[in-house]
Amino acid sequence: MEKIKFGVIVFPGSNCDHDAHYASGQLAGQDSRLIWHKEHSLGDVDVVIVPGGFSYGDYLRCGAIARFSPIMKDVVRFAGKGGIVIGICNGFQILTEAGLLPGVLLRNESLLFVCRNVSIRTENISTRFTGTCQKGEVLNVPIAHGDGNYFAEADTIRKLEENGQVVFRYCDENGRVTKESNPNGSVNNIAGIVNEEGNILGMMPHPERASDALLGLTDGKKIFESIIHSFVSSAQQFAAV
Amino acid sequence: MKNHPVIKEEPVVDLNLAKQHGLTEEEYAKILQIMGRVPTYTELGIYSVMWSEHCSYKNSIALLKTLPRSGKDLLVAAGEENAGLVDIGDGLAVAFKIESHNHPSAIEPYQGAATGVGGILRDIFSMGARPIAALNSLRFGNLDDKRVQYLFKRIVKGIGDYGNSFGVPTVAGEVYFDPCYRTNPLVNAMAVGIVEHNGIAKASASGKDNSVMIVGSSTGRDGIHGATFASEEISEKSESKRPAVQVGDPFVEKLLLEATLEAIKTGYIVGVQDMGAAGITCSTTEMSARGQTGMDVDLAKVPLRETDMTAYEVMLSESQERMLFIVKKGHEEEIANIFKKWDIEAEVIGKVTDGPMVKIRIGEKIVAEVNAETLVLGGSAPIYYREKKVPAYLADIQKFDIKSVPEEKNYSKSLQKLLARPSIASKRWVYQQYDSMVRTNTITSTADAALVRIKGTKKALALKTDGNGRYVYLNPRRGAQIAVAESARNVVCVGARPIAITNCLNFGNPYDPEVYWQFFEAIGGISDACKALETPVTGGNVSFYNESTEESIYPTPVIGMLGIVDDVSNICNHTFKSAGDLIWELGINYGELGGSEYLQMQTGKAYGDAPKLDLVKEKALYDVVLELIQKKLIKSAHDIADGGIGITLAESLFESKLGASIDLVAKDLRIDCLLFGESQSRIVVSSSADDKQRIMDIAQRHKIQAVVIGKVTKEEKLVINEWIEANVSDLKNIYDNAIESCLK
């Protein structure tokens, strides 16, 4: 099978860029390259990762400036024609600022930055990001953010829920969605969502940090594997046609 | 519009003005002698800051030079470069250093702590090394004090915000609480980086006519005289020195890191130095002195962020996120373009000259002309031995007799109370605010020491800071030995061989003979331990004047230990693994309560002598544990430290979902001494029952006492003889939430 081509955007202040690059390249065994934010074209890529970090220092709202970077125009174009985009942590914030995903990420309810492993429940397994997961599967993945408190208008939340756009929800280790297991105050314990078309995922937890057995957690791999697998199955569909 | 520095009429320099700058009469006379004339106001500023304690180490350097500073793995001698450099094979070296930011943090905790982190990171990447881990060692007063809570919260946030945004994982450290640190908290930040041997950048200026380039943030009035401020005690006046505290920008620092490493890769960078204390003054003169050259610098070319700055202000500014580069002539544009890519300002401000004079101009007008060599440590900067005297308090506290402390017979309650002591309790509230995982190398940040793997090799670094100030207060020499030994022991517990240290020496006023004696003794203790344990000192930092009008801190040397794991498949942590496993105590329990957390809890005071330490036994213990880990004979290892074996056993259970049934032999010891005493050179390990004989044999060969003290059980309870019986979940609950409940 031909390798999937990942492109990881590097903004000034991105700091999980190398981690996403390593997880999608070395660990997942695919092609992966870093794309400087001043570029105007993504080039030949199958998947775009908008990585975590503190783009432009996040001194304004998180992600508010990054969305004006030259490369973002091409990310919007790529996403518009159905390209696979995944925004992790600061990347999720940037995608909401860019209008590619609904809602916003507010300060954590505790007002403190929080870095620890959390459990998330897989709510929708028919996305291109979760195809290799089981329905309701609990994944252990770390979070590390000060602004991960997902919020949207009641109407938007209702639509997200109805359409199955809520992909991940914070839960306890047994998969129960509780107030105690919500690390940041997100509405309905939302940890990750997709757009209506299902080609753009934004999530606060870091799958790239849970992809290497030596470091303890490996559930994040399932997200990379699902993406890769989704290309294989769509290729097979084409072949069948 | 570009800001220009202004030439203003400067105050006339005399002895009085020199004294206001913190110089002594003797030092001022020496300046007159060196210059052969009266210095200008700007020159006086330059001398005062370079000869301040902070930059010159004048009251410590003579003793620091007695530390063992060489070893087969050291690539540079201590003090020669921005940080120590240790060869770890595979063509790689580790740059690491610890530094204090106590004074700024006492006044402006958030920025003080943040810029402490920023400064130490720059020391690392200015050598060409990419920072891969940060640690910090913190000391505060008692947490029930509102002011202490404020300092604690803001300092932790400052450290977190800076490191998190910069993108370096904060992986380990320690936090202690004691009333002596109430007004003068300690904030020691350590950073560790990796560099390929052929990518190491030097901190010296060479090559006549090479360009001197300033890069990074523009220069403002912030931090003027920060270095001299750090060289005096904290008093009510300190509040007025809040402007002497710098403001950090981790985003710019991150860009500076990437641009610096990219620039060094070109091969056109001759030298790099971070601008920390004393900014342009320190970097230009130190780099010149190291390279035995001079410089010609035009301040009109320095990007300024404020209007009407004088030469004095520009030279003494400590604006953050700036660095000085020496660039090969003819390649300035290439280098400037790299910085431009990262949106970083880079300006040529002068050139390297034959030396030894550093000439500072504003346009054509010369505003200062100083001989670099006369300013710096290792040159003509003053060196003092101070008067020392055995402190009066020692006689009193060493008279302590354990019989005077009534024994609390409810040992379960004592264990619970100890677990709730902020110095012992989980530091979760702190470390969850630090990104400990970014760069995906952190194998563990919650074991005895942090383990950070090095991608592309089978190796990992083990990192830890330690320094129990109470022991050093009671017995400076032994306390300092213990600080080294404990940090090494922690590194050994994760399977690493200790290889080198960096140290941060936090003391009171060296002009006080009792403080200087403490300092003298502590240096001796570090020296003893580093020799015995074969961990040379690669560098570090001294922070004096840690006292306020009310109190003096415990003398607190903090040791930053570097250990190496050659193969990441042989590592260990502190958690018990399976029911039925044997639990061992390696080493001997003498039931020593002197300086213990238990005694402090029971009496509110630091009493007695620090625990005994036999460095030969200590080293033999490492050999045993490392052999056991390498042969995969043990499943867990946990150092016995604060709170004694009772705490060690509890901590070994917290992540295990198991229990332990322990049977200790008291002999003639009091039970509280046995449970909570802090005798050194002890480690609790666990193993499969099948490996009992092999473990006995290895321990015997090294003459280390190894005793099976119990078993890991399925039932989640800690049972110790008939003295303690407690649910692990109850203990864990106390341990996990103690700090948070103090803050409510």
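This is a short talk on aromatic contacts, helix packing and a few backbone details in a predicted model with chains A and B.

I'll start with the rings. A search of the whole structure gives 22 aromatic pairs over all chains. One of them joins Y56(A) and F251(B), with 6.1 Å between the ring centres and 40° between the planes, and it is classed as tilted. This pair crosses between chains. On the chain A side, Y56(A) sits in the loop between β3 (47–50) and α2 (70–80). On the chain B side, F251(B) belongs to helix α10, residues 250–265. F251(B) is buried, at a relative accessible area of 12%.

A second pair lies within chain B. The ring centres of F125(B) and F166(B) are 6.2 Å apart and the planes make an angle of 15°, so this one counts as stacked. The pair links distant parts of the chain, 41 residues apart. F125(B) is in helix α7, residues 109–125, and F166(B) is in helix α8, residues 146–166, of chain B. Are these two rings' residues buried or exposed? F125(B) is buried at 0% relative accessibility, and F166(B) is buried as well, at 2%.

There is also an aromatic cluster, made up of F507(B), Y516(B), F519(B), F544(B) and Y545(B). Please keep Y545(B) in mind; I return to Y545(B) for its backbone.

Two lysines have their charged ends over rings. For K612(B), the ring is that of Y590(B), and the distance to the ring centre is 4.2 Å. For K30(B), the ring is that of W51(B), at 5.6 Å from the centre.

Now the helices. Helix α10(B), which carries F251(B), packs with two partners I want to show. Take α7(B) to begin with. The axes of α7(B) and α10(B) come within 10 Å and cross at roughly 10°. An angle under 35 degrees counts as roughly parallel, so α7(B) is roughly parallel to α10(B). From α7(B), the contact involves G118(B), L121(B), R122(B) and F125(B). From α10(B), it involves E253(B), L256(B), L257(B), T260(B), L261(B) and I264(B). Note that F125(B) appears here and also in the stacked pair with F166(B).

The other partner is helix α13, residues 332–341 of chain B. Its axis and that of α10(B) come within 9 Å, with a crossing angle of roughly 150°. The cut-off for roughly antiparallel is over 145 degrees, and α10(B) and α13(B) are therefore roughly antiparallel. The crossing is right-handed. Which residues of α10(B) meet α13(B)? They are L256(B), A259(B), T260(B), E262(B) and A263(B), and on the α13(B) side they meet I335(B), I338(B), F339(B) and K341(B). L256(B) and T260(B) are listed in this contact and in the one with α7(B).

One more helix, for its burial. In α3 of chain B, residues 41–50, 10 of the 10 residues are buried, and the helix is mostly covered. Among them are Y41(B), E43(B), Y47(B) and M50(B).

On to the single residue L621(B). L621(B) is in helix α22, residues 615–630 of chain B, and is buried, with a relative accessible area of 0%. What does L621(B) contact, leaving aside neighbours within four places in sequence? The contacts are R489(B), L586(B), S681(B), R682(B), I683(B) and I704(B). The C-alpha atoms of L621(B) and K703(B) are separated by 8.7 Å, with their positions 82 residues apart along the chain.

Last, the backbone. Between G355(B) and P356(B) there is a cis peptide bond, with omega about 5°. P356(B) is in the loop between β10 (346–353) and β11 (357–362) of chain B.

Two residues other than glycine have positive phi. N189(A) has phi near 60°. N189(A) lies in the loop between β9 (166–171) and β10 (190–194) of chain A and is buried at 8% relative accessibility. Then Y545(B), from the aromatic cluster, has a phi of about 65°. Y545(B) is in the loop between β17 (537–543) and β18 (556–565) of chain B, and at 8% relative accessibility Y545(B) is also buried.

That is what I have; the rings, the helices and the backbone can be taken up in any order.

Conventions. Residues are numbered from 1 along each chain as its sequence is written. Chains are lettered from A and ligands numbered from 1 in the order in which they are written. This is a predicted model: local features need pLDDT of at least 70, side-chain atom pairs count only at pLDDT 80 or more; totals for chains, interfaces and linings use all residues. Side-chain values use heavy atoms; hydrogens and water are left out. Rings of Phe, Tyr and Trp (its six-membered ring) pair if their centres lie within 6.5 Å; planes under 30 degrees apart count as stacked, over 60 as edge-to-face and the rest as tilted. Helices (H or I, at least four residues) and strands (E, at least two) are DSSP runs, numbered from the N terminus. Buried means under 20% relative accessible area, exposed over 50%, partly exposed in between (1.4 Å probe, protein chains only). A charge sits over a ring if NZ of Lys or CZ of Arg is within 6 Å of the ring centre and within 35 degrees of the ring normal. Axes are lines fitted to C-alpha atoms, for helices over the stretch in contact, and angles run from 0 to 180 degrees between N-to-C directions. Angles under 35 degrees count as roughly parallel, over 145 as roughly antiparallel, 65 to 115 as roughly perpendicular and the rest as oblique. A crossing is left-handed if the near helix is turned anticlockwise from the far one by less than a right angle, and right-handed if clockwise. Contact means heavy atoms within 4.5 Å.
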